[in-house]
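This report asks how strands, charged side chains and internal cavities are arranged in one protein model. The sequence and structure are shown first.

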Amino acid sequence: MAQATPETTPHDSSAPGTPGPPEGTERTDVLIVGGGLVGLATAVFLARQGVRAVLAERHDTLAVHPRARGVNPRSMELLRGVGLEEAVRDTVSARALADNAGVIAVESLAGRHLGELRQSYHQDSGADYSVLSPSPWSLCHQDELEPLLHDKAVELGADLRFGREVASFTQDTDGVTAVLRDRGAAEGDTSAERVVRARYMIAADGAGSRVRSALGIPTHGPGTMARFVNIRFDADLREVLGDRRFIICYTTAAGARCALLPIDNASRWLLHVIDDREAGSPPLSEERCVELVRAAAGLPDLDVTVHDALPWDAAGLLAGRFRQDRVFLVGDAAHLMPPSGAFGSNTGLADAHNLAWKLAAVLRGEAGEALLDSYDAERRPVARATVEQAVLRSKDRPRLVGQGTAEPDPRLRPDPAVMFHYRYASDAVVAPAPTEGTDGAPDLWEADPRAVPGTRAPHVELELDGEKLSTVDLFGDGFVLLAAPGADWTAPAGAAAGATGAAVRALTVTDAVPAAPGEARSVSASWSERYAAAPGQAVLVRPDGFVAWRSDLPAEAPTPEDTATRSARLTAALLRVLAREDAEAAERAA
């Protein structure tokens, strides 16, 4: 971004003497800055909600380097929701690495085995997550996942513009005005510029976010922990690999800490090399890259073809805020974390998914502008805690080769908890405030998240109208009210939808066999137990699959008065979640 000039104090663009956008300005709902993995996912999630989105990416093409590859079960649920799960699993890398599991340490691939990661907090991609999710891990490399997201975004109507950088932007009380410039144009060629006026802007422009810098948003945290170079190479390692199928293999024989990652378990590989040289040192030569690969493999005469060497920093940083007026930060622009645990891009996907439905609700007029404040209130604490977990895991890795402490840091949380068991605390959740942790911040880890408001609605396999599906599959289009048998919540759901304009689907779920017509039946586990739902009670789930509210009415024979009470309480809860101005009056009436 050459000359970003954000307005830190919004002004009214319609005020006398304030120039409006120039003639010929393009208009859209949301401008996304950055077309990497998270930016493309943001475009998909927004377009899925019917939001008009323009994406500007300064590079001409999608990623060609494999880079990120661990798509965890929660992220696979999000991709499942937009119809991409099977396509991801059908990519070349996902099929090749479907049976890979484990983190090991060796002198070299041909040398002595030193250890493996066996800790209670760690569950790699080979673990069984079926109790928690319908969607297992997938090891799909970024250069194969990004094209899928790109094509889905276009299919859903997003406008993706590569080779375009945001040269400058300003914001006011009504929106953001940005100048998009063709990076291939000659300096001073104003015909290569387009002005885009958006209601909101999302910065998905990565670790060195120019938008974040232009806004003056600081970052906090341990900072750069190590510098690495990713060497992408071809070499036939099948013989020395044997029948081993690991996720990552740490090696020590190269004289520098290295990590070998398979792309196809045969000839395509990545080598992560820690780079202890001074900052600003020249790039590693091809000869040096070949030396490092041969040392890590333990084969001095190995035939190696190096494709590229990509430098990067392993860092732990968190932006001081995820929203400034009409601009939001997602992904690496909002948080950086070391790769241990594969939380980075997965956290970014969750950012985008959380923000998309809220922007859609505000743009449709269903929600008040204050709903957007809940993005920072929900996602920043989760990102802070996840950065901490990634840093702790990174510091724990030396124990693989007998270095470091004897026991893992007690602050380490199990992988499933980090993926699934955090709790949002915001005005978009109707629940008491969570208790404080030892550091004075709210404790966001929920040990027993049985549909507690603010937590992800649990996965339970259901049968509905002869079809098997997960509760996860019910969420995404509007709100869903899941009710235990004992009271009819159809009328209250209709009343709440009528009062807010938001879609609310009511569905009764039973553990009984057979289920009544139109009811869903638990298949894999007791729904009432997983959701802690007594007869007649109901759970309201947001479009992002998180619980917004639970009824506390006792199960009684339904009467007209009881139906009216349920309607009033559900309506009041939904108005509050949507940050509507009439929420307080509705709560008093309920």
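The following paragraphs treat the sheet, a hairpin, the salt bridges and the cavities in turn.

**Strand pairing**

The model is predicted. It contains an open sheet of eight strands with mixed pairing, in the order E5-E4-E12-E13-E14-E11-E15-E18. Strand E5 (113–116) and strand E18 (335–336) are the edge strands, each of which pairs on one side only. At the E5 edge, the neighbour is strand E4 (residues 103–106), and three bridges connect E4 and E5 in the antiparallel sense. Within this pairing, Ala105 is placed opposite Gly115 of E5.

A further antiparallel pair is made by strand E19 (residues 461–464) and strand E20 (residues 467–470), joined by four bridges. Here Leu462 has Leu469 in E20 as its bridge partner. The two strands form a hairpin with two residues between them, and Asp465 in the turn adopts a positive phi of about 55°.

**Salt bridges**

Side chains of opposite charge can pair when their charged atoms come close. The structure holds 39 salt bridges. Three of the pairs are set out below.

| Acidic residue | Basic residue | N to O distance |
|---|---|---|
| Asp182 | Arg164 | 3.8 Å |
| Glu165 | Arg210 | 3.9 Å |
| Glu193 | Arg181 | 3.4 Å |

The salt bridge between Asp182 and Arg164 links distant parts of the chain: Asp182 belongs to strand E9 (residues 176–182) and Arg164 to strand E8 (residues 164–171), 18 residues apart. Asp182 counts as partly exposed because its relative accessibility is 26%. Arg164, at 30% relative accessibility, is also classed as partly exposed.

Glu165 forms a salt bridge with Arg210. Glu165 lies in strand E8 and Arg210 in helix H6 (residues 210–215), so this contact ties together parts that are 45 residues apart in sequence. How do the two partners stand with respect to solvent accessibility, buried or partly exposed? Glu165 has a relative accessible area of 14% and is therefore buried, whereas Arg210, at 35% relative accessibility, is partly exposed.

Glu193 and Arg181 form a salt bridge as well. This pair joins distant parts of the chain, with Glu193 in strand E10 (residues 193–203) and Arg181 in strand E9, twelve residues apart. Glu193 is partly exposed, with a relative accessible area of 31%, while Arg181 is buried, with a relative accessible area of 10%. Elsewhere, Arg80, Glu85, Arg89 and Asp473 are joined into one network by salt bridges that share partners.

**Cavities**

How many cavities of 30 Å³ or more does the structure hold? There are three cavities of 30 Å³ or more. The largest cavity encloses about 140 Å³ of space. It is lined by 14 residues, of which Asn72, Asn346, Thr347, Val418 and Met419 are the closest to its centre. Two or more lining residues are contributed by each of helix H2 (73–81), helix H9 (344–363), helix H10 (373–396) and helix H11 (415–420). By residue class, the lining of the largest cavity consists of seven nonpolar, five polar and two charged residues.

Definitions and conventions
Residues numbered from 1 in each chain as written. Predicted model: local features only at pLDDT ≥ 70, side-chain atom pairs only at ≥ 80, totals over all residues. Heavy atoms only, no water. 1 Å grid on protein atoms, 1.4 Å probe; cavity = no way out; pocket = protein on both sides within 12 Å on 5 of 7 lines; lining within 4 Å. Points joined across faces, edges and corners; volume = space filled by probe spheres on them. Nonpolar A, V, L, I, M, F, W, Y, C, P; charged D, E, K, R; others polar. Pairing = 2+ DSSP bridges. Salt bridge = Lys/Arg side-chain N within 4 Å of Asp/Glu carboxyl O. Buried < 20%, exposed > 50% of the residue type's maximum accessible area, 1.4 Å probe, protein only.
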